[in-house]
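User: Please take a close look at the part of this model where the ligands are bound, and set it beside a few other places in the chain. A formal, connected account would be preferred.

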Amino acid sequence: MGIVLEGGKIITAVDSYCSDIRIEDEKIISIGNSLKRPGDEVICIKGCYVLPGGIDTHTHFDLESGSVVTADNFETGTKAALVGGTTTILDYATQNKGETLKEALKKQHKKSDGLCYCDYGFHMGITDWNDETCYEMKDMIEEGVTSFKLYMAYKNTLQVDDGVIFKALKRSKELKGIITFHCENGDIIEELINEAKSKGNNSPYYHPLTRPAQVEKEAIVRLLNIAEIVDVPVYIVHLSTREGLLSILDAKKRGIKVYAETCPQYLLLDDSFYGDKDSNSFEGAKYVMSPPLRKPYDNDALWKGVSSGEIMTIGTDHCSFNYKVQKEVGRDDFSKIPNGAPGVEHRIGLMYTYGVLKNRISMNEMVALTSTNAAKLFGLFPQKGTIAVGSDADIVIWNPDFSTSISAKNQMQNVDYTPYEGFEQYGRVLHAFLRGNKVIYNGKLIEYKPIGKYLYRKTW
Ligand code: URP
Ligand code: ZN
Ligand code: ZN
């Protein structure tokens, strides 16, 4: 017994056409006409788009940051993902100092296994490099963790130095993994923060001023020079600046293989959200994330990078802390505000509304950016990231005839604000299927049980 989706328009990264789809046993079994077999359920989806389930390349669920833990855990975060049309998330596990990668992975599984409503995989953040770590990267690959993250910022906690970057890239090249990079110069940030605080500048307004665009650019240029020496592709997460993008384009011209991700917040929000110098408002804390929000010209440049395909993926860096109580940890010191903001639920709606409907990207490009490219880069294609016979039946039925105003009041994310409060959203998920199981029906989450599976990903 299967399900037939009848009358929709299928959109993949490369084509758009009207056809029916038959799903059985978690897979797409056939695409065509007259697919119904005895006992099948037929769902009419006339007027809707049929998209491959979204893949969010970048989430942090159940993450500890100092004394607080993110507002979203794997249960609430993956429910929110589904509501927004994302059927797979790639979350960041992180090695604490003194910990092995295996221990970090075990902890991440303990936090997530049995709780996820969508499928999930992990990148592994390496923060404490030694011979064992180098050896263990192979174990990670065998455990399906084929991508890693190195932080060039967060001095004394997560940051690694250039020697570690060099050694980890060499190892990753041998293993055919890929390393993702947080590109900001943590040493300079530390100095700028100390300078600001010594002058009594403690409000969220100073967060972006202590992380100027040049610290992103500098880290990107340095990274790409190291990648050139090692001759290995790298992936840059949450790209936020025009300068950073230009450096990536220069490096590409020199033959360096670099893939870039940006996030809706760097396309749609700017540093005016941090308020003004003399205001006592703490509202800006909602937007304290790293890298910070930038200038409107950065938004414009990143949109161009997205439209031209130079930026390949849209992740969210969903890392939610409640404005009340959690963000307040840094009320008297912006550097203590837990970094991060929510977004997993609104990623596709925002890209559809402000990308497709504003003629910045086509529907096919939206699919590439929010699903297909991620599947290809992170070892999931063609199981995920496309609508094809044999692929997992991760399918989103997108109803374009719908509009709403985004608000924390009606979100699934378990956090007391959204950075997109009041933003118009057109279109929404009407139905969604995760490996053939109905997970959203008529816009409502089916909270039957957490059927999300851990994904063992392939290497390059
Ligand atoms: O502010 C952010 N982005 N928090 C999450 C950690 C990271 O750097 O991705
Ligand atoms: Zn980061
Ligand atoms: Zn992140």
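Analyst: Ser 19 is buried, its relative accessible area being 9%; buried means under 20%, exposed over 50% and partly exposed in between, with a 1.4 Å probe and protein chains only. The model is predicted, so local features need pLDDT of at least 70 and side-chain atom pairs pLDDT 80 or more, while totals for chains, interfaces and linings use all residues. Residues are numbered from 1 along each chain as written, chains are lettered from A and ligands numbered from 1 in written order, and side-chain values use heavy atoms without hydrogens or water.

Ser 19 sits in the loop between strand 3 (16-18) and strand 4 (20-24). Helices (H or I, at least four residues) and strands (E, at least two) are DSSP runs numbered from the N terminus. From Ser 19 to Leu 5 the C-alpha to C-alpha distance is 8.8 Å, with their positions 14 residues apart in sequence.

A second loop residue, Glu 99, lies between strand 11 (86-94) and helix 2 (101-112). Glu 99 is likewise buried, at a relative accessible area of 11%. A polar atom of the Glu 99 side chain is 2.8 Å from the backbone nitrogen of Asn 96.

The part requested is the site of the ligands. The zinc ion (ligand 3) has as protein donors His 58 (NE2), His 60 (NE2) and Asp 317 (OD), at 1.9 to 2.1 Å. Donors are N, O and S atoms within 2.8 Å of the metal (3.2 Å for Na, K and Ca); water is not among the atoms, so sites may look incomplete. Around the zinc ion (ligand 3), 4 donor atoms subtend angles of 88 to 134°, which makes the arrangement tetrahedral, a label for four donors with all angles between 85 and 135 degrees. The ideal angle for four tetrahedral donors is 109.5 degrees. Along the chain, the donors of the zinc ion (ligand 3) follow the spacing H-x1-H-x256-D. His 58 in strand 8 (residues 54-59) and Asp 317, in the loop between strand 17 (311-314) and helix 11 (347-356), are 259 residues apart, and the pair links distant parts of the chain. Both His 58 and Asp 317 are buried.

The zinc ion (ligand 2) is coordinated at 2.2 to 2.5 Å by Lys 149 (NZ), His 182 (ND1) and His 238 (NE2). Its donor residues are spaced K-x32-H-x55-H. Lys 149 belongs to strand 13 (residues 147-151) and His 238 to the loop between strand 15 (234-236) and helix 8 (242-253), so the pair ties together parts 89 residues apart in sequence. Lys 149 and His 238 are each buried. The distance between the zinc ion (ligand 2) and the zinc ion (ligand 3) is 3.8 Å.

Ligand 1 draws on some of these residues. It has 13 residues around it, of which Lys 149, Tyr 154, His 182, Ser 290 and Asp 317 come nearest; a residue is near if one of its heavy atoms lies within 4 Å. An oxygen atom of ligand 1 is 2.7 Å from an N or O atom in the Tyr 154 side chain. For the side chain of Lys 149, the corresponding distance is 3.0 Å, and for that of His 182 it is 3.0 Å.

Key:
Four donors count as tetrahedral if all angles lie between 85 and 135 degrees; four count as square planar and six as octahedral if opposite donors are over 155 degrees apart and all others between 65 and 115; anything else is irregular. A polar contact is a pair of N or O atoms within 3.5 Å; within protein, one must be able to donate a hydrogen and the other to accept it, and residues adjacent in sequence count only if both atoms are side-chain atoms.
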